[in-house]
Number of protein chains: 2
Amino acid sequence: MSVLIIEAVDFFYLSMPRVTSAADGSQDALVVRVRGGDYEGWGECEAAPLPSIAAFVCPISHGACRPVSDAVLGARIESPNDIRAIAAKVAYDSMDLLQAAHTWSGIEMALWDLLGQARGVPVWQLLNWEKAYAKTPYASVLFGSSPDVTLSRAKEIRSNGFRAAKFGWAPFGQSVEADADQVAAAREGLGPDGILLIDAGQIFGEDVEAAAARLPAMEAANVMLFEEPFHGHAYRAYQSLSGQCVTVKTAGGEAAHNRHMAEHLIDFGGVGFIQIDCGRIGGIGPAVDVARYAAERDVVYINHTFTSNLALSASIQPYAGLQNHKICEYPTGLSALARELTITQIAPNANGEIELPDAPGLGIELNLEALETYRVDVDIRINGERVFQSPRI
Amino acid sequence: MSVLIIEAVDFFYLSMPRVTSAADGSQDALVVRVRGGDYEGWGECEAAPLPSIAAFVCPISHGACRPVSDAVLGARIESPNDIRAIAAKVAYDSMDLLQAAHTWSGIEMALWDLLGQARGVPVWQLLNWEKAYAKTPYASVLFGSSPDVTLSRAKEIRSNGFRAAKFGWAPFGQSVEADADQVAAAREGLGPDGILLIDAGQIFGEDVEAAAARLPAMEAANVMLFEEPFHGHAYRAYQSLSGQCVTVKTAGGEAAHNRHMAEHLIDFGGVGFIQIDCGRIGGIGPAVDVARYAAERDVVYINHTFTSNLALSASIQPYAGLQNHKICEYPTGLSALARELTITQIAPNANGEIELPDAPGLGIELNLEALETYRVDVDIRINGERVFQSPRI
C-alpha cells in the first residue's frame, strides 16, 4: 500500500438530550473521524468531549505543551510503527497538556481503523495476533437501588443468555451489611455457576480497611474480581488489599492514561486483573503492550468499555489473540445514542460468546444518521477567530 | 470569621503576542480569580489554558465526569478542611475528566489566598508551619545553544548574585559528549562553589542506559541533582538510574497531578529530590502533604515553578516551614507577561535568599493592567448558548 497522509481529523460530540449523574458513560460520546487518501477511520474517546476537543485545537503554550493536532495533522501512516511514532510525539510534545492522552486515544483508534481499511485486514492482524479468540462476555450493569432490584437484574441477565455479570457503583459502599446483601442478591440471581464481578467505583478512596471489610461477603459469594476499590493511583492501597484476598482478586486500570500506570498497578498494586480502556490509555498500541506485559506475569487482561460497539471492538483487539484471557466486558443497558451509533452490532453468538467482526479495521459500520440526531454544536473562538466548529457529516 | 461562599470563579487566559516552541512555560498563563464575601483570591494553573477552561465549563458527561465548576461554585469555605473537602469532591466527581486536576490547581491556590485574606494571615500559617524559612534560590534557565552560551549564561547568573543554577532542556540529550561539554561549561561559569542542577526535560523517555551515560560528567562536575531524565510515570527507570548514582541524586515530580504520583516517585522511583508544581498537583493542599511525606523519608522537597511570582509564592508555601529543605526554584528570564503580572516582586534579599511575602494569603498584589494587556479572548458556545466568555476586570 502507499503512504497515507492524515488530511483531516473531525470530532463529533454527541449527547443524549438529558445527561444525568448516573454512572452511565454512554450518555454522551466523542467520536473521531480520520481521513487519509481514499480511506477513513473511526475512533471514540472515552472522555469529556469539550476539554478533549480543546486539547486538539488549543494554541501552543510552549514546546512541551502543544495541541495534539500538531503531531497528527499531515503525519504519514504506512505501518503500525508510524502510529507509535505519532504517539511518542504526542506524549513528548504535549507532556504538559493533561487532557492530551484522552484526545489522542480516539484518534489512535481511528488510525488503526484507517490502516486496517487500507490494508484490507482487521486490526488484530495488524497487531500480529494469529487468531482472534471468542470471549465470554459479562453483562456490565449498575447495582440496583435495593438488593431486590439487583436480584431481578441478575436473573434477567442470566435469562438473556449471559453467564457472567458485573455489578457496580452506588449504592455499593454504603455499609458492610448493605453491600453484603447486594452481593448475595447478585449471586442468587446469577445462580451458583454464574461468574460474578463487583465494581466498587473507587468508593473507598485509599481506605484499605473499609474495602477489606467487604471481602468476606465476596469470598462467600465466590466473586471473581473486586474492581476499583480505590483511587486509580493508590497502588499501596491496592497492594495491601491484594494481600488480604483469598480467592477474590483485585482488578483495576481503567483510569490508566498511559502504559506505565497499568504496569505499575500490576507491579506495585498486585492486581490479578488489569482492565484497560482504549479510549483513555492512548488507544490500541499501549493497550496491546499492557496485554503482553500482563500475560507474561499471569495477570489477566480485560477490556474496559462502557460506550458504543465501536469502542467495544477497539477494546477487544489488543487481547484478541490471548486465548486464556477469556472474560470480556460487554456493556448492556447502553443509551439510545450508543446503541444507534453503529449499524454493525456485536452480539453474543449461539454459544453466548463475543467474536470480533471479520471486516477490515475495527469492522464497525457507523450509522451516520446518529451523528446528526445526537449532535452537539460546539463553537470555539479565540480572539474572534473560530478554532473549532462541529463538523457536518 | 464567617463562612465564605464561593460566588464566582473567573479565568483569565493571557498570552505573549507570539508563543514559540521554546521550553519556556511563561509564554502564556491561566490566572484564576475566586470571589467569596468581601474577599478575592488569586491563583494560577500551570496548564494549557483552553482545555483547562473547558474542564470548568463543560457539560456533565456522567456521574464521574462532571465539570469542575460543579464542586466549586456555591461551596462553603470556613477552614482549610473545607478546601480539602472540595478537592476530594473534584477528585471523585471528575475522576474521568483528565484535565480537571490542572483546572482545580489554580482554583485551589486561589482559595488558600482567599482564606488567608479573610483571616489576615499568610498561607503558610494556615498550613500550620511555625515559621517561613528563607530559601536559597536557584536561577532556572535553559541551556545555551552551545557550551559557550551556557558558560556566559552561568557567569551572568553568578554575577547577578545567585549561587545556584539549574540548566535544562534541549540541546541536552543530543550526545554524551555534547552533554558533557554543556555540563562542564555550566560548572565553569558557576565556579567551584556554585550549586549546579541539571534538568533533562524527560528526553531519555525510559532509556536508562542513555541517561546513565551522562552520569560520569555530572559526577565530575559535582551536579547536585539530575532532574526528569524520564517520562514522569517511568518509576522503574527512575529506580534503576537512582541505583547507579554516586553523589548525584535523581529528581522529578513536576508532572504529578495528584499526591499519589509524587509519593510513588519517592517509593518506587527512589528519587532524592521531589519537585512539585502547585499549579498541576491540585494546588497547595496535596503539595504540603507531599512535603511532609518527603521530609519523613529524607527526600528533599523543592518547589517547581516556571511562571509568575504568584505561582512562585504558592509553590513555596507548602514547604516554607521545612528548614533543611533549602533550595528553591526561582525562574529568571521570564516573559514580559509573567514579569508584569504581579506588582509584588519576590526578589533575593541581601543574603541572596528568597523570603515569602508577609502579607495575608499568598501576599501577591496583581497588576490588573497586565490582565488586559495580555488578554486572550475566548468564546465557547454549545448549541448556540455561550458557556464561557473571557471576563473583563
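1. Two strands count as paired if DSSP finds at least two bridges between them. Strands here (E, at least two residues) and helices (H or I, at least four) are DSSP runs, numbered from the N terminus.

2. This is a predicted model, in which local features need pLDDT of at least 70 and side-chain atom pairs count only at pLDDT 80 or more, while totals for chains, interfaces and linings use all residues. Residues are numbered from 1 along each chain as its sequence is written, chains are lettered from A and ligands numbered from 1 in the order in which they are written, and side-chain values use heavy atoms, without hydrogens and water.

3. Strand 11 of chain B (residues 273-276) is covered on both faces. B:Phe273 and B:Gln275 lie on one side, B:Ile274 and B:Ile276 on the other, and all are buried (under 20% relative accessible area, 1.4 Å probe, protein chains only).

4. On one pairing, strand 10 of chain B (residues 249-252) runs parallel to strand 11 of chain B, with two bridges. B:Gly252 is opposite B:Ile274. Helix 11 of chain B (residues 259-267) carries the chain between these strands in a right-handed β-α-β crossover; with the strands pointing away from the viewer, the path from the first strand over the helix to the second runs clockwise.

5. Strand 11 of chain B also pairs with strand 12 of chain B (residues 300-303), parallel and over four bridges. Here B:Ile276 faces B:Asn303. With helix 12 of chain B (residues 284-295), these two strands form a right-handed β-α-β unit.

6. Chain B superposes on chain A after a rotation of 180 degrees with 0.0 Å of shift along the axis, at RMSD 0.0 Å (least squares on C-alpha atoms of residues with pLDDT of at least 70 in both). This is the relation of a two-fold axis. Both copies use the same surface: 100% of the contact residues of chain B (heavy atoms within 4.5 Å) recur in chain A.

Note on methods
Buried < 20%, exposed > 50% of the residue type's maximum accessible area, 1.4 Å probe, protein only.
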